[in-house]
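Please walk through this structure with me, from its backbone irregularities to its interior and its surface.

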Amino acid sequence: MTLSRKVIVVAVSVLLTCLLASLNATPKTALWLDNIHWLSTITACLILATLGYFRANPAHRACKRWFVVGAFAYFTGGVLWICQILTHQTTFPAQSDLFYPLLGPCLIIGFITALRSQLSRSKTLAFTIDALSFSIAILGYVLISYLPKSADVSLLQLAVLTAYPASMLSAALVSLLLIPYLRPAWMMPWLLLSAGLALLGVCWMQWNLNALNHSPQTSPWVNYGFSAADLLIGSGLYGWQVRVAKRTAFHRQCRRLRSWIPLIAFVFSISTLLLIWWQSGPHPYAYHIAIGSVTSILIFSAVRQSILLRESEKLLRAEKRLVEKELEYQQLSRSDPLTRLPNRLAMLNLLEHAIINAASDSGMVALLMIDLKHFQSINDSFGHHTGDLFLLEVAQRLQYITNDCGELGRVHGDKFGLIVIKHKTDAELVHLAHNLCKIVHKPVLAEGHELILDACIGISLYPRDANNADQLARHANTALAQAKRSSQHLYLFYCKEQTKLAQNRFRLDVQLRKAIKKQEFFLQFQPIFSLDKQGQLRVTNIEALIRWRNNKGDIISPAEFIPYAEQSGLILPIGEWVLSEAFHHLSALIHKRGHIVGLSINISPRQFRDHSLPMRISQLLQQYAIPARYITLEITESAVFEHEEQALDILKQLKALGVRVSLDDFGVGNSSLFKLKHLPIDELKIDRAFMVDVPDSLADSEIVSTIVKTAGILGISVVVEGIETQAQLDFLRDTGCDCMQGFLLGRPMPIEDIERLLSTAQSAASAAKTEFLM
């Protein structure tokens, strides 16, 4: 049981015990019993208010602090009242009368503080005025009951007597008025608090009327009504919180009720004042009180009306600004802020209208998607401001050349769209695309930098390629993507095969990502042989080759997925897996099986450009305790010679680790023997294309022989791949080639077969050595 429930149970137990005991008690005993249950309930009220303060949200403690202050003032008044009774003090007003009535005003201040935290200042002020109007009406109702019987009462005594019920009843009414404003999620504490305050006000009103009539204060329902009201108030203050309900229907009801509050307050106030006027009797203060009340209500009404007018003016200004912002937003939503050209949404709308008109006239609509190749390099090198100036100049050029033939827009970033409405043949569209590429390629001077870029264009036609705007735009983007990948064409028309290719690339991308996650890849190893002094072949290296077994069990060749993985960037996690797996297998061969063999690993161009590659190789060497000289990294010509300075820096870092570097596919790129002497490499790997016609082709044979001899002069070893015939093997023996690789010597195989191959070779070598010694 929580502490709050324990407090309520104890207070209720004391109250019921005192009630039962007072049924047959003497007047003196009944007075003591009243003091006991009064003290227990006002103490419970203070404790519950304090517990409610500590359990409240820190943001809402400002209002609940006033609740605690009011409960403490009420508790202080109760204790002083009990002391007065026990000491037989009969002076009025007494010390307790300074504290008792403070409960109502403190609660009202707390209510307004809570309202201020949720609503604007003007709405809080309007509510305060409504609360004052109701309070004045309640004051009038109290005066209706008091004035006829207060002829021999002083003005100060009448004010104190009126303050008791008026403050409590006003607080109860304000608590109810808050409900449509704050829309509480849990209304029970609000209703308990309002009921307790109302009961307390009625009890005080009856108590004071008995005092004015000089009647004894022995009514049980009044005496125990005080305690019941204290418990209701304490329970309400404990659970009272500002938490807005989420029900939309409840919010609508609250707004509807809130709009009627000023009218209800006015009618209630006027009705009460009329009762004062008719029933006030000959009391000297009645006329002045009525006039003062009417004047106060009129003043409050005028102030509230001025607040509403000021709020209306603010609302009108806000609506005007909203309309202006809406127009500005609509303009921004339909045009590009940089180039002032139609944006993607506007272009799509224009394209839809163009297609509708073309359909009715049996016409044609062409959509050209124009993209600037490598535009991001301008932003990276010179900043976005320079990039914006470049785009603005290109947009003006495109707008100039397309002004008479269609509608130009900026679709996204460095991509523009051109809608050609006038009927044009394919040849005319080709001529237009050529002119667009030509005008984009002209140098642009931006902030002192001369910038030159190429444009790629994708073209789709209605109704030949698509039936609606979305499909036409999608096909134009497909043709554009194909043009960007092509090294021969700057502009391409859409064809259905492009969509199939794009779908295949998308499916491959999804399958590759799943393969990486599920680890569907595995390694095979192809042996690399060298010639010893007796001309015998022996395995010196094994090359790690990746394979992919998909979820259907099919083996997919690297030639199908490696190019796309390189293009999409997925080669990085794949390459990381290959490195880790290959080092793991080599470590097992060396440390567990005792085979001394080197490992060759292919490094993709994107992987080679990663500056973290040397650090990763170093970590793997340390992790698996493999000497660096056993590792050969095979790097393609394109990876080295496209970015020579960066490549040279990475090669130097790799050489500093002690690993060997092989230049893979030598001869098919743009490398030359002259460049080799400036590169820190250890090995050349001659592409299989040179070995196809060897030794039948004299030219190919001379090329291979020359490369082998020149590499030997430069101190670089040579590996020739693609050995598939005995004649090719004999030719390489005659040329003095260092190492050879091919299907004739050994196909790619699992690591277990490599282990058996190495074991067989090791056993043969041991047998030959034993025979030699014998």
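In this predicted model, the loop between α17 (496–518) and β8 (521–531) contains Gln519, a residue that has a positive phi of about 55° although it is not a glycine. With a relative accessible area of 57%, Gln519 is exposed. A positive phi of about 55° is also found at Ala625, again not a glycine, and Ala625 sits in the loop between α21 (613–624) and β12. Such positions deserve a second look because most residues other than glycine have a negative phi, and most peptide bonds are trans.

The peptide bonds offer exceptions too. Tyr462 and Pro463 are joined by a cis peptide bond with an omega of about 5°, and Pro463 belongs to the loop that connects β6 (455–462) with α16 (469–485). A cis bond likewise links Val694 to Pro695, where omega is about 0°; Pro695 lies in the loop between β14 (683–686) and α25 (698–713).

Following the chain from Ala625 leads into strand β12, since the loop that holds this residue lies between α21 and β12. Strand β12 (residues 631–636) is largely enclosed by the rest of the structure, because six of its six residues are buried. In a regular strand the side chains alternate between the two faces of the sheet. In β12, Ile631, Leu633 and Ile635 point one way while Thr632, Glu634 and Thr636 point the other way, and all are buried. Strand β11 (residues 598–603) pairs with β12 in the parallel sense over five bridges, and Asn602 stands opposite Glu634 of β12. Strand β13 (residues 660–666) also runs parallel to β12 and is joined to it by five bridges, with Asp664 in β13 standing opposite Thr636.

Elsewhere, the interior leaves some space unfilled: the structure holds one cavity of 30 Å³ or more, and the largest cavity has a volume of about 120 Å³. Its lining includes Trp38, Tyr74, Trp81, Trp204, Phe226 and Asp230. Helices α2 (27–55), α3 (61–86), α8 and α9 (220–239) each supply at least two residues of this lining, and α3 gives the largest share, with four residues.

Helix α8 (residues 188–212) also leads to the surface, for Met188 has its place in this helix. At 45% relative accessibility, Met188 counts as partly exposed. Together with Leu176, Trp186 and Leu191, Met188 forms a nonpolar surface patch, and the four have about 380 Å² of accessible area together.

Note on methods. Residues numbered from 1 in each chain as written. Predicted model: local features only at pLDDT ≥ 70, side-chain atom pairs only at ≥ 80, totals over all residues. Heavy atoms only, no water. Patch = residues over 30% accessible without salt bridge, like charges linked within 9 Å, V, L, I, M, F, W, Y side chains within 5 Å. Areas by Shrake-Rupley, 256 points an atom, 1.4 Å probe, with all protein chains shown as cover. Salt bridge = Lys/Arg side-chain N within 4 Å of Asp/Glu carboxyl O. Buried < 20%, exposed > 50% of the residue type's maximum accessible area, 1.4 Å probe, protein only. Pairing = 2+ DSSP bridges. 1 Å grid on protein atoms, 1.4 Å probe; cavity = no way out; pocket = protein on both sides within 12 Å on 5 of 7 lines; lining within 4 Å. Points joined across faces, edges and corners; volume = space filled by probe spheres on them.
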